[in-house]
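Me: Please take a close look at one part of this model, the open sheet, and go through it strand by strand. Then say how it sits beside the core and the ligand.

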Amino acid sequence: MTCQQSQNHQLRIRNLSWHVAGKAILEQVSVDYHSGELLGVIGPNGAGKSSLLRCIYRYINNYQGSIEFEGQSLQNYSRLQLAQRMSVVLQHNETNSDANVLQWISLGRTPFRSWRPRIQQQEQQILQSVTELMQLEDLLAQPISKLSGGELQRCVIARALVQQPSLLLLDEPTNHLDVGHQMQIMAAIKGLSIGSIACIHDLNLAAAYCDRLLLLNNGRVVAMGTPAQVLTQENLRAVFGVHCRVDIDATGRLSLRYHYPQPGEIETLHG
Ligand SMILES: Nc1ncnc2c1ncn2[C@@H]1O[C@H](COP(=O)(O)OP(=O)(O)OP(=O)(O)O)[C@@H](O)[C@H]1O
């Protein structure tokens, strides 16, 4: 999906601050999120990435500032209305359910459940296309509790997709995935007809798939823009304390080549 250049702001965040026990976890964060784009949220551990997502899916409510979603304040949505528009993939997923993969993924349809046959048929089609997209066809009869970490992660994303949200929020969607599945998942997310906001640690993966990046540090926005605008040597050194070369090929694709410090070099890098 390409970033729509219109002023179609699905999400408008203004001066969002969230403080806990006097500590600023998020401070004056303002973001315009365009409908349909894949926005990567990057930043070091503790930067506030998950907290930002939690405010958007209303797990955190006691923030200052405003969040507008599809033209109205987030606070005006009922839980059910929100569940019908937004779905969330969290960082840590464990399940001890007795359900098999198909049964478990179909739980994503809960906000829309109906026993009318026509709707049930539509559900079957949604489930089939999502399980194909996530390459889960061979696992559908397996107990969900017996899957590997990576297989479970693909199921978690599938369950979020069968919810057919207009906005998908993902906290580290490629956790536990091997390099091939990381690429497959990111390509699948980018290919969706809906927009997504994803916290991502792997900066090369973020550069390869995201339309825009939001770089946070200490709860504040450091930069927001295209991968080339955000992933500069200066930003990477200042925020992550790493040295790297930023290469941009003829097609405009950006890749980072890190200098991996050896014992004794760490202090020099942060100096
Ligand atoms: N409920 C809470 N109470 C107190 N402090 C919190 C709470 N939630 C988050 N924090 C703190 O806020 C900071 C940001 O946490 P957050 O999980 O948003 O960071 P993150 O950028 O997602 O980090 P990571 O990359 O490690 O997942 C951390 O210092 C964390 O300890």
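**The sheet and its surroundings**

Reply: In this predicted model, the hairpin of β9 and β10 has two residues between its strands, and Asn218 there takes a positive phi near 50 degrees. The two strands of the hairpin pair in the antiparallel sense, over five bridges. Asn217 stands opposite Arg220 of β10.

The hairpin belongs to an open sheet of six strands, ordered β6-β7-β8-β3-β9-β10, in which the pairing is mixed. Strands β6 (86–89) and β10 (220–225) are the edges, each pairing on one side only. From one strand to the next, the twist averages 15 degrees.

Moving inward from β10, strand β9 (residues 212–217) also pairs with strand β3 (residues 38–42), and here the two run parallel, joined by four bridges. Within this pair, Val41 stands opposite Leu214 of β9. On the other side of the order, strand β7 (residues 167–171) and strand β8 (residues 195–199) are paired in the parallel sense, with five bridges between them. Asp171 has Cys199 of β8 as its bridge partner. In a regular strand, side chains alternate between the two faces of the sheet.

Next, the core. The largest nonpolar core of the model has 66 residues. Val41, the residue opposite Leu214, is among those with the most contacts inside this core, together with Cys155, Ala158 and Leu169. Helix α5 (residues 149–162) supplies the largest share of the core, eight residues.

Leu169 deserves a separate look. Leaving aside residues up to four places away in sequence, Leu169 touches Leu53, Ile56, Tyr57, Met86, Val88 and Ile197. Of these partners, Met86 and Val88 fall within edge strand β6 (86–89), while Ile197 falls within β8 (residues 195–199), the strand that pairs with β7. Leu53 and Ile56, also touched by Leu169, are in helix α1 (residues 49–56).

Helix α1 leads on to the ligand. With three residues, this helix gives the most to the shell around the ligand. The shell consists of Val20, Ile25, Gly43, Asn45, Gly46, Ala47, Gly48, Lys49, Ser50 and Ser51. By type, these residues divide into three nonpolar, six polar and one charged. Helix α1 therefore appears twice in this account: it holds Leu53 and Ile56, and Lys49, Ser50 and Ser51 of the shell lie within its range of residues 49–56.

How values were computed. Residues are numbered from 1 along each chain as its sequence is written. This is a predicted model: local features need pLDDT of at least 70, side-chain atom pairs count only at pLDDT 80 or more; totals for chains, interfaces and linings use all residues. A nonpolar core is a set of buried Ala, Val, Leu, Ile, Met, Phe, Trp, Tyr and Cys residues joined through C-beta atoms within 7 Å. A residue is buried if 20 or more other C-beta atoms lie within 10 Å of its own, exposed if 12 or fewer, and partly exposed in between; C-beta atoms are placed from the backbone. Two residues are in contact if their C-beta atoms, placed from the backbone, lie within 7 Å. A residue is near a molecule or strand if its C-beta atom, placed from the backbone, lies within 6 Å of it. Ala, Val, Leu, Ile, Met, Phe, Trp, Tyr, Cys and Pro count as nonpolar, Asp, Glu, Lys and Arg as charged, and the others, Gly among them, as polar. Two strands pair if DSSP finds at least two bridges between them. Axes are lines fitted to C-alpha atoms, for helices over the stretch in contact, and angles run from 0 to 180 degrees between N-to-C directions.
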